[in-house]
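Student: Before we begin, may I ask that each term be set against its definition as we go?
Tutor: Certainly; the structure is shown here.

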Amino acid sequence: MKELYDIKISDISETLLLTLYSHAIESKSKEPIIHDPEAVRIVEQLNKELLISKNRLHRNLANGKTKKSLAVHISIRAKKYDEYVKEFLRKAPNGIVVNIGCGLDTRFYRIDNKKVNFYDLDFPEVIEIKKKFISENDRYHFISSSVLDYDWILNLKKHEGPFIFLAEGVFMYLNKDEVKSLVLKLQSQLPGCELVCEVVNDIWLSKPLKGLVNFKMQKELKLGQGVTYNFGMRDSNEMEKWNSGIKLIDDWSYFDASEKKLGFMKIFKYFQLLRKTQWTVHYKLN
Ligand SMILES: C[S@@+](CC[C@H](N)C(=O)[O-])C[C@H]1O[C@@H](n2cnc3c(N)ncnc32)[C@H](O)[C@@H]1O
């Protein structure tokens, strides 16, 4: 458990700081991958709190000590998820977008077409922190809940849809039964919805490699001990096996992006194992 504004958050929730700061850092860089003025604004306010924190990660972030490559990767991902949403809204301008495990992400402002209904979902304590910086409006709503407490899905049924669910940097922290149960619930309650979610390769869950991941998260990134990967897949179509009607639409990897800040890593897209170290799958849940 960590504290932010005297609010206790889990080690996993604390990862939201890395994504928020990455968006802000990239936004202020030369030739930014992402333009996220809301993230910049929130970071300026948060810095005052983090600078005086006892937590090393917090102070590092506030002092601008972050891994450049992390900011690049996270921003490439956020830009791609924005594109998924924009593409969805081109076909369905009044569609419903649900950002599962939203953290302090400000996607609503990056994609708002003035018609979308947008839901940001995260644990109550995370939403409490988010409310210090951002307000809801008639088309932008917060859901204070674990994604696994399914009442929130029933509340969405008042909308006609269509629905798109995003889980960016979230499912790897749940376990397989939880992810499967959630996907099947979305399919049964809101058939025809789309799901865009990031997954890690299950190779990283095996013993020696999991130790390496934990080392990277805890020692290199200074995250807490509760941050570890629990769910992974080997192939993009794996969720299709969970129930008939689940159809893979496409997949995407960081290295597919034609982004020069990736440097030599651009060649990773030619090697399936590297391309699918941590990647995104896009399904239709019929
Ligand atoms: C790495 S952060 C990603 C935040 C955001 N998606 C982004 O890209 O900026 C992971 C987020 O998932 C949230 N999360 C993890 N498990 C969750 C659960 N069971 N229910 C709701 N949110 C969850 C955490 O609280 C945290 O905000």
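**Cores and ligand shell**

Tutor: The largest nonpolar core holds 58 residues, and those with the most contacts inside it are Leu17, Leu20, Tyr21, Leu46, Leu50 and Val97. Helix H5 (residues 68-91) gives the largest share, 7 residues. This is a predicted model, in which local features need pLDDT of at least 70, side-chain atom pairs count only at pLDDT 80 or more, and totals for chains, interfaces and linings use all residues. Residues are numbered from 1 along each chain as its sequence is written, and side-chain values use heavy atoms, with hydrogens and water left out.

Student: Why is this called a nonpolar core?
Tutor: Because the term denotes buried Ala, Val, Leu, Ile, Met, Phe, Trp, Tyr and Cys residues joined through side-chain atoms within 4.5 Å. Buried means under 20% relative accessible area (1.4 Å probe, protein chains only).

Student: Which residues is Leu50 in contact with, leaving aside its neighbours within four places in sequence?
Tutor: They are Leu4, Leu17, Tyr21, His58, Arg59, Leu61 and Ala62; contact means heavy atoms within 4.5 Å.

Student: How many residues surround the ligand?
Tutor: There are 21, the closest being Ser13, Thr19, Gly101, Asp122 and Val147; such a residue has a heavy atom within 4 Å of the ligand.

Student: What makes the approach of Gly101 to the ligand a polar contact?
Tutor: A polar backbone atom of Gly101 is 2.8 Å from a ligand nitrogen atom. A polar contact is a pair of N or O atoms within 3.5 Å, so the pair qualifies. A backbone N or O atom of Glu168 lies 2.9 Å from a nitrogen atom of the ligand, so that pair also meets the definition.

How values were computed
Buried means under 20% relative accessible area, exposed over 50%, partly exposed in between (1.4 Å probe, protein chains only). Helices (H or I, at least four residues) and strands (E, at least two) are DSSP runs, numbered from the N terminus. A polar contact is a pair of N or O atoms within 3.5 Å; within protein, one must be able to donate a hydrogen and the other to accept it, and residues adjacent in sequence count only if both atoms are side-chain atoms.
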